Amino acid sequence: MTPVQSKIYTDDVSLLMVLIDTNPFFWNSINSTLSFSKFLSNVLAFLNSILLLNQLNQVVVIATGYNSCDYIFDSSASQNHNQRAENLLQKLEDFVQKDESLCRDDSVDGPGFSLLSGSLSMALCYIQKVFRSGPLHPRPRILCLHGSPDGPGQYVAIMNAIFSAQRSMVPIDSCIMGAQHSAFLQQASYITGGVYLKPQHLDGLFQYLSTVFATDLHSRSFLQLPKPVGVDFRASCFCHKNTIDMGYICSVCLSIFCKHHKKCSTCG
């Protein structure tokens, strides 16, 4: 008897890649509204709820720092279930200390910006490794818990990651905790079919996470999830890394410039 061909995805099993913003400049700015420790307690409760929804669910946490990013938790790794929180917090503390030791006057992109492009790339690399592990695997998605302002210097790298996620059919969900909206993550959620949300009350962060971002991709077709009122499609110029409303585009490589150039600095 010929075996039935297995599905590419399992319907209600999720691989959730969580990107946590650990930028100290951002957390110091909103410490009176939401402290980093309270934020972590809400995130840990949310991660536990994801793992309780289905025993086959997998959660991977990536820390997005000021100068670096790294994996700090993987639920598929062999470890004592009772020590998950302790292991995550210990690795997160080690990462923050390491990231602080790399701190300079300016970060990789500039003062106050997190390395979002790096954490998105790491998440997509992990997902590609899962894709190659076998014909049957959980449905992957990325959740960005972000608060730092957009780094214009990362525009090209972030857009490349967004289009890579779109090609791999990986939705990018965004939960913005900063005072301003993120144009990069608005575009990421819009292009990949994810959910973009800026909570009005950070005190109820766990409720937002559990009611909006805990649903698997199969169940989302039956729910009315929040939709952004508008999307900021403005780009950053390649010459000065500034956000522009109108500019000049190279007809060969599609590089964007804020001023007219006789010769494209990217492709010549």
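## A first look around strand β5

C175 is found in strand β5, and this strand makes a good starting point for a tour. Please keep in mind that this is a predicted model. From C175 we can visit the neighbouring strands and helices, then a second pair of strands, a pocket and an unusual loop residue.

**C175 and its strand**

- Is C175 buried or exposed? C175 counts as buried because its relative accessibility is 0%, and the cut-off for buried is under 20%.
- The rest of the strand fits with this: β5 spans residues 172-176 and is mostly covered, with 5 of its 5 residues buried.
- The side chains of β5 point in two directions, with I172, S174 and I176 going one way and D173 and C175 going the other way.
- C175 also has a partner far along the chain to look for: L209 is 34 residues away in sequence, yet the two C-alpha atoms are 8.3 Å apart in space.

**The neighbours of β5**

- Strand β4 (residues 137-146) pairs with β5 in the parallel sense, over 5 bridges.
- To find one of these contacts, look at C144, whose bridge partner in β5 is S174.
- How does the chain get from β4 to β5, and through which helix? The path runs through helix α5 (residues 155-167), and this β-α-β crossover is right-handed.
- Strand β6 (residues 196-197) pairs with β5 as well, again in the parallel sense, here over 2 bridges.
- In this pairing, L197 of β6 stands opposite C175.
- Helix α6 (residues 183-192) belongs with these two strands: β5, α6 and β6 make a right-handed β-α-β unit.

**Strands β2 and β3**

- Strand β2 (residues 58-64) is largely enclosed by the rest of the structure, because 7 of its 7 residues are buried.
- Both faces of β2 are covered, with Q58, V60, I62 and T64 on one side and V59, V61 and A63 on the other.
- β2 and strand β3 (residues 69-74) run antiparallel and are joined by 5 bridges.
- One place to see this is V61, which has F73 as its bridge partner in β3.
- The link from β2 to β3 is a hairpin through 4 residues.

**Helix α4**

- Helix α4 covers residues 116-131, which makes 16 residues.
- From first C-alpha to last, α4 reaches 23 Å, close to the 22 Å expected at 1.5 Å a residue.
- Which residues of α4 are buried? Among them are L116, L120, L124 and I127, and the buried set also includes M122, Y126 and V130.
- An α-helix has 3.6 residues a turn, so residues three or four places apart point the same way.

**The largest pocket**

- The largest pocket has a volume of about 380 Å³.
- It is lined by 24 residues, and the closest to its centre are P149, D150, Q180, H181 and S182.
- Elements that give two or more residues to this lining are α1 (24-29), α6 and β7 (235-236).
- Sorted by class, the lining of the largest pocket holds 11 nonpolar, 10 polar and 3 charged residues.

**A loop residue to notice**

- M169 lies in the loop between α5 and β5.
- Although M169 is not a glycine, its phi is positive, at about 55 degrees.
- Most residues other than glycine have a negative phi.
- M169 counts as exposed because its relative accessibility is 59%, and the cut-off for exposed is over 50%.

Technical notes. Residues are numbered from 1 along each chain as its sequence is written. This is a predicted model: local features need pLDDT of at least 70, side-chain atom pairs count only at pLDDT 80 or more; totals for chains, interfaces and linings use all residues. Side-chain values use heavy atoms; hydrogens and water are left out. Buried means under 20% relative accessible area, exposed over 50%, partly exposed in between (1.4 Å probe, protein chains only). Two strands pair if DSSP finds at least two bridges between them. A crossover is right-handed if, with the strands pointing away from the viewer, the path from the first strand over the helix to the second runs clockwise. The expected span of a helix is 1.5 Å times one less than its number of residues. On a 1 Å grid over the protein atoms alone, a cavity is a set of points where a 1.4 Å probe fits but cannot get out, and a pocket is an open set with protein on both sides within 12 Å along at least five of seven lines; lining residues have an atom within 4 Å of a point. Grid points are joined across faces, edges and corners, and a volume is the space filled by probe spheres set on the points. Ala, Val, Leu, Ile, Met, Phe, Trp, Tyr, Cys and Pro count as nonpolar, Asp, Glu, Lys and Arg as charged, and the others, Gly among them, as polar.
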